[in-house]
Amino acid sequence: MLDHVTSRWATLILAALRDGPLRFSELHTKIEGVSEKMLSQTLRTLVHDGLVIRTVHPTTPPTVSYGLTELGDGLTQLLHGLMTWIGEHAAEVHTARAAHQAPATANASQPAQQ
């Protein structure tokens, strides 16, 4: 279950659906970098887990939209806090990562002491 709700694409899909139902093409446009295959697979998993509802609208041709279930909405509220934290602290994490990698890079370029 943890893998399903914390995967990169599931998290982004749930966040995208936070403001209301979207059609597949709208989700694909809104979530940069996701392939149609991955979007389809992840949506199927989220529907099977009861987090997303797939609604077929009786139009010609039929249209399909995806929205959050009550369960999915509760999870998305929790994920929103995490995503907000990531957005606020991403630069600090990148700075720490760069500082940690800098000594290793500097040591690798120095000749070995004998």
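These are my notebook entries on the sheet, the helices and one odd peptide bond in this predicted model.

**Ground rules.** I number residues from 1 along each chain as its sequence is written, and side-chain values use heavy atoms, with hydrogens and water left out. Because the model is predicted, local features need pLDDT of at least 70 and side-chain atom pairs count only at pLDDT 80 or more, while totals for chains, interfaces and linings use all residues.

**Confidence.** I checked pLDDT, the predictor's confidence in each residue, from 0 to 100. The protein averages 89, and 89% of the residues score at least 70. Among the elements, β1 has the highest mean, 98, and helix α1 (residues 2-6) the lowest, 81.

**Inventory.** I find five helices and three strands. I take both as DSSP runs numbered from the N terminus: helices are H or I with at least four residues, strands are E with at least two. From the N terminus on, the order is α-α-β-α-α-β-β-α.

**The sheet.** How are the three strands ordered? They form an open sheet, β1-β3-β2, with antiparallel pairing. β1 (22-23) and β2 (52-57) are the edge strands with a single partner each, so one side of each has no neighbour in the sheet. I call two strands paired if DSSP finds at least two bridges between them. As a reminder to myself, strands of a sheet pair through backbone hydrogen bonds.

I then went through the bridges. Six of them join β2 to β3 (residues 63-68), and two join β1 to β3. On the β2 side, V52 partners L68, R54 stands opposite Y66, and H57 partners T63. Y66 is also the bridge partner of L22.

**How covered is β3?** I counted a residue as buried under 20% relative accessible area, exposed over 50%, and partly exposed in between (1.4 Å probe, protein chains only). Six of the six residues in β3 are buried. Both faces are covered, with T63, S65 and G67 on one side and V64, Y66 and L68 on the other. For the protein, 26% of the 114 residues count as buried.

**The hairpin loop.** β2 and β3 make a hairpin with five residues between them. P61 sits in that loop. I looked at the peptide bond from T60 to P61, and it is cis, with omega near -10 degrees. Most peptide bonds are trans.

**Helix α4.** Which strands does α4 (residues 36-48) lie across? It lies across β2 and β3, at about 105 degrees to β2. My axes are lines fitted to C-alpha atoms, for helices over the stretch in contact, and angles run from 0 to 180 degrees between N-to-C directions.

The α4 axis also comes within 10 Å of the axis of α2 (residues 8-16), and the two cross at roughly 75 degrees. α2 and α4 are therefore roughly perpendicular, on a scale where 65 to 115 degrees counts as that, under 35 as roughly parallel, over 145 as roughly antiparallel and the rest as oblique.

For contacts I used heavy atoms within 4.5 Å. W9, A10, I13 and L14 from α2 meet M38, L39, T42, L43 and L46 from α4. By class that makes eight nonpolar, one polar and no charged residues. Nonpolar here is Ala, Val, Leu, Ile, Met, Phe, Trp, Tyr, Cys and Pro; charged is Asp, Glu, Lys and Arg; the others, Gly among them, are polar.
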